[in-house]
Amino acid sequence: MSVWNPDNIKDVAESIGINSLNDDVLQGLSSDIEYRLSQVLEEALKFMRHSKRSTLSTQDIAQALRVLDVEPLYGYESTRPLRFGEASLGPGQPLFYVEDEEIDFEKLINAPLPKVPREISFTAHWLAIEGVQPSIPQNPTTAESRNQELIPKGPGANPALAAVGDSDNVTVKPLVKHILSKELQLYFGKICSAVFDESNDEYRVAALASIRSDPGLHQLVPYFVQFISEKVTHNLKNLFVLTQTVHLTSAMLDNESLYVDPYIASIVPAILTCLIGRQLGSSTDPLAHYPLRNLAAALLGSVCKKYSKSSHTLRPRLARTCLKHMLDPTKPLGANYGGIIGLHATGGPEVVRVLIVPNMKEYEVLITDAMEESDAKRKEAGMVIDALVRSLQSLEQDSVGSSNGFANGNEDLMRTKLREKVGPLVAEKVWELGSPKIVKAILES
């Protein structure tokens, strides 16, 4: 027997056009309604208890309905207790309703207007950088709470107002104090001038050794990163500056006392520019920029090996970029060369097996076309072929087992398969190495 009155269900059914309901159906619906209500009340009581209250509110009911994935009841979100009035529809048929609050329009019209709220705004600032709290108004220290030196005062505090007022010689005081000591600023200037001093090799070597071993340079890391990016951006025609910039980056990354992980995303573009840049240097020698690309590839491999664990997408992104420049026919051979050695440096034999070997025969068409052009193009094509052969040699170290030679009668067959796999130019270079193990590793990849 259900506590819920079946007559209520019958009235609701008649209101939506259902005039005849079986008594068994009414009884079943009554039991289901009773279960659903008890379920809602149990969830609502949980919200009430967790809120440390002893009175059940309409918010508790609404939260319970939301938890049970039921559309909430609208119009009962008031935090004030509801007052219910009673009206009689007939003998024994009371109707309960929520009494609306009566508002005096005269008082409402004559009431003072509320204050206009301030416009919402957001600002971002650093709480700490490398353990050092920046001296900004949002992070006041004990000393600066006593003297407000960071906040500019006086008639020149606002440069915009000063410009309107036609006041000349306005001095704007910076909001942030320089966190570098004078010693560090002097050190930074000396290092930057020494690293790019072409006339004094000893001075240059000493500066790089200092960066590589000095443990107190953590505050200078962002300045060095910005300095490296600017040097690479504005000196693409100067091979000496680019080479020294790579040496400076390598020395900074070799310093075990520096935490460089947050700056890797800013350092990698400068290295990639020196690796796969379209035109590096202004020398007439077509092979002058290849040592710089080799140096950048070695540094990029070191970065991948050291920081790929802290940045899981670093190695795939670099491999994708290098592969794109290797296979792009619109890029010069120097950029293709950088893509090849970059792939080898970032991924080792596995990347060579998966990305370089399958595309080698297609890429050899570009090398063949370059071999038929000028002497400079032929020299660069030779460098690219050497890079491909060096990358294929890494497969020998990664291969399992040993091979002392070819089986009788299989030498010509293996040579033909090798030419079909990597193309005739690279196949001949690999065959001249006289290593059956490399040939076997290439054919199995």
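Ala209 is partly exposed, with a relative accessibility of 36%. In this predicted model, Ala209 belongs to helix 8, which spans residues 201–213. Its C-alpha atom is separated by 9.7 Å from that of Leu248, a residue 39 places away along the chain.

Gln244 is part of helix 10. Because its relative accessible area is 7%, and the cut-off for burial is under 20%, Gln244 counts as buried. Leaving aside residues up to four places away in sequence, Gln244 touches Val195, Phe196, Arg204 and Leu208. Of these, Arg204 and Leu208 fall within the range of helix 8, residues 201–213.

Past the end of helix 10 comes Asn255, in the loop that links helix 10 (239–254) to helix 11 (264–276). Is Asn255 buried or exposed? Its relative accessibility is 2%, so Asn255 is buried although it is a loop residue. With residues up to four places away in sequence again set aside, the contacts of Asn255 are Ile211, Arg212, Ser213, Asp214 and Leu217. Ile211, Arg212 and Ser213 lie in the 201–213 range of helix 8.

The loops earlier in the chain offer another picture. Lys52 sits between helix 2 (23–50) and helix 3 (58–67), and Asp69 sits in the loop between helix 3 and strand 1. Lys52 has a relative accessible area of 77% and is therefore exposed. Asp69 is exposed as well, since its relative accessible area is 73%. The backbone at these positions also deserves a look. Most residues other than glycine have a negative phi. Lys52, which is not a glycine, has a positive phi of about 60°. For Asp69, also a residue other than glycine, phi is positive and near 60°.

After the loop that holds Asp69 comes strand 1. Strand 1 (residues 84–88) and strand 2 (residues 94–98) run antiparallel and are joined by five bridges. Which residues of strand 2 face Gly85 and Glu86? Gly85 has Tyr97 as its bridge partner, and Glu86 stands opposite Phe96. In a regular strand the side chains alternate between the two faces of the sheet. The two strands make a hairpin, with five residues between them. Gly92, in the turn of this hairpin, has a positive phi of about 75°.

These two strands stand beside 18 helices in the protein chain. One helix pair is formed by helix 14 (residues 333–371) and helix 16 (residues 411–422), which pack at an angle of about 80° with their axes 6 Å apart. Helix 14 is therefore roughly perpendicular to helix 16. On the side of helix 14, the contact is made by Val357, Met360, Lys361 and Glu364. Helix 16 contributes Glu420, Lys421 and Val422. By class, the residues of this contact are three nonpolar and four charged, with no polar residue.

The cysteines can be taken next. How many disulfides does the structure hold? The count is zero. For Cys322, the closest cysteine sulfur is that of Cys304, at 8.2 Å; this is too far for a bond, because a disulfide needs the two sulfur atoms within 2.5 Å. Cys322 has a relative accessible area of 0% and so counts as buried. Cys274, in the 264–276 range of helix 11, is also buried, since its relative accessibility is 1%.

Finally, the chain as a whole. The protein chain has 445 residues, and 32% of them count as buried. Gln244, Asn255, Cys274 and Cys322 are among the buried residues described above. Of the contacts between residues at least 6 apart in sequence, 60% join residues at least 24 apart.

Conventions
Residues numbered from 1 in each chain as written. Predicted model: local features only at pLDDT ≥ 70, side-chain atom pairs only at ≥ 80, totals over all residues. Heavy atoms only, no water. Pairing = 2+ DSSP bridges. Helix = DSSP H or I, 4+ residues; strand = E, 2+ residues; numbered from the N terminus. Axes fitted to C-alpha atoms, helices over the stretch in contact; angles between N-to-C directions. Parallel < 35°, antiparallel > 145°, perpendicular 65-115°, else oblique. Contact = heavy atoms within 4.5 Å. Nonpolar A, V, L, I, M, F, W, Y, C, P; charged D, E, K, R; others polar. Buried < 20%, exposed > 50% of the residue type's maximum accessible area, 1.4 Å probe, protein only.
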